[in-house]
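Reader: Hello! Could you walk me through a close look at the loops here, and then tell me about the side chains and the pocket that go with the picture?

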Amino acid sequence: MHRREFLRYSGLGVATWATGTGTSWVAPMQVGCAAITWGGNDPAAITDIAAAGYPGIQLRASAVQRWRETPDALKALLAQHHLAFPVLSSGSVPFEAARLAESAALHTQHARFARAAGCRYVQVTDERPRNQTPQADDYLRMGRALSDIGARMADEGVTLVYHNHMDALGERPDEVARILDAANADHVKLLLDVAHWQAAGGDPVAAVSQYASRIAVVHLKDLEQPAPGGSATSYRFRELGAGRVDLPSVLAALNATGFAGWGIVELDGVPDPAQSPRYYAESSRRYLEAHNVRVTR
């Protein structure tokens, strides 16, 4: 994050880390919350996330559908709730070469909308081929496709962030490495999802150090693996502190590398249908506060 971008957001919230010496210092990492838990009800997500005390929100393509013709209205609504809009989730990039041109056009449209609504980063995932094993050329092609889309997004004034994801071409750490190695580092940054990384067999703490110069956004989430009653390879995403991700070490690694981007609390769905998305957002915020990360507005 450039200095002027940090200054732009610094009035909206900071994370304060305890040093263990009786004093504290202010880290430039911002902490937001993703709207995915609200299942497309973005107005409710905006209201609840603001009420839960987060300074920023990540929205999905459902927000594009709702405010496609009126991005200024979304921008005004977010300002009313004192929420920054750091990340828009734009969807996936297809595996098939024949679909890449259409996909690039769609993601560029989303980037244009994002910029108009005050968003800085646009997230994409990718698709894994069905019934076949990816080959070396497939990772190379995806890296080049992401570079093309990222360059188009840069022309629109936003930055592409690539999200490692289960069941995607970039699932395992070695696959993510192949794709990022083939992509233009200026136009393709990394959104490191620590729970997806661990579910794929990786060490998220090591990933923070390995990709320190490439990470622009981090998804903060937890993971049960295996899932209750599931097979040995099953998993379920959880609120912070309810799973097996070593989140204190992740936070310490981000601190050590001087991470100055956004940490987005994300939970794909409520584990207990009797509880609300806001309940889990507040639970994760309390977890961060208990581990010396104070989210302020």
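**A close look at the loops**

Author: Happy to! H82 counts as exposed, because its relative accessibility is 52% and the cut-off for exposed is over 50%. Please keep in mind that this is a predicted model. You will find H82 in the loop between α4 (71-80) and β5. Its backbone is worth a look too: H82 is not a glycine, yet has a positive phi of about 60°. Most residues other than glycine have a negative phi.

N292 makes a good companion to look at next. N292 also has a positive phi, about 70°, without being a glycine. The loop that holds N292 runs between α11 (277-290) and β13 (293-295). As for accessibility, N292 comes out at 42%, so this residue is classed as partly exposed.

Staying with α11 for a moment, its range is 277-290, and there is an aromatic story to tell about tyrosines. To set that up, the structure holds 3 aromatic pairs. In one of them, the ring centres of Y235 and F237 are 5.4 Å apart and the planes meet at 55°, so this pair is tilted. Y235 is partly exposed, at 26% relative accessible area, whereas F237 is buried, at 11%. Another pair is Y279 with Y280: the centres are 5.1 Å apart and the planes stand at 90°, so the arrangement is edge-to-face. Here Y279 is partly exposed, with a relative accessible area of 36%, while Y280 is buried at 5%.

There is one more loop to visit, and F237 leads us to it. The loop between β10 (222-224) and β11 (236-238) contains P226. The peptide bond joining Q225 to P226 is cis, with omega at about 5°. Most peptide bonds are trans.

Aromatic rings also meet charged side chains. The charged end of R141 is placed over the ring of F95, 4.8 Å from the ring centre. R66 likewise lies over the face of W67, and the distance to that ring centre is 5.7 Å.

That brings us to α3, which spans 61-67 and helps to line the second largest pocket. This pocket has a volume of about 280 Å³. Its lining is made of 20 residues, and the ones nearest the centre are I36, R60, S89, Q123 and H165. Together with α3, the strands β5 (84-93) and β6 (121-126) each give at least two residues to the lining. The largest share, 3 residues, is supplied by β5, the strand at the far side of the H82 loop from α4. Sorted by class, the lining counts 12 polar, 5 charged and 3 nonpolar residues.

Finally, a word on cysteines for your bench notes. A disulfide is a covalent bond between the sulfur atoms of two cysteines, and the structure holds 0 disulfides. The closest cysteine sulfur to that of C33 belongs to C119, and the 15 Å between them is too far for a bond. The cut-off for a disulfide is 2.5 Å. Seen from the other side, C119 is in no disulfide, and C33 carries its nearest cysteine sulfur. Both sites count as buried: C33 is at 3% relative accessibility, and C119 is at 0% relative accessible area.

Notes. Residues numbered from 1 in each chain as written. Predicted model: local features only at pLDDT ≥ 70, side-chain atom pairs only at ≥ 80, totals over all residues. Heavy atoms only, no water. Phe/Tyr/Trp six-rings, centres within 6.5 Å; stacked < 30°, edge-to-face > 60°. Buried < 20%, exposed > 50% of the residue type's maximum accessible area, 1.4 Å probe, protein only. Lys NZ or Arg CZ within 6 Å of the ring centre and 35° of its normal. 1 Å grid on protein atoms, 1.4 Å probe; cavity = no way out; pocket = protein on both sides within 12 Å on 5 of 7 lines; lining within 4 Å. Points joined across faces, edges and corners; volume = space filled by probe spheres on them. Helix = DSSP H or I, 4+ residues; strand = E, 2+ residues; numbered from the N terminus. Nonpolar A, V, L, I, M, F, W, Y, C, P; charged D, E, K, R; others polar.
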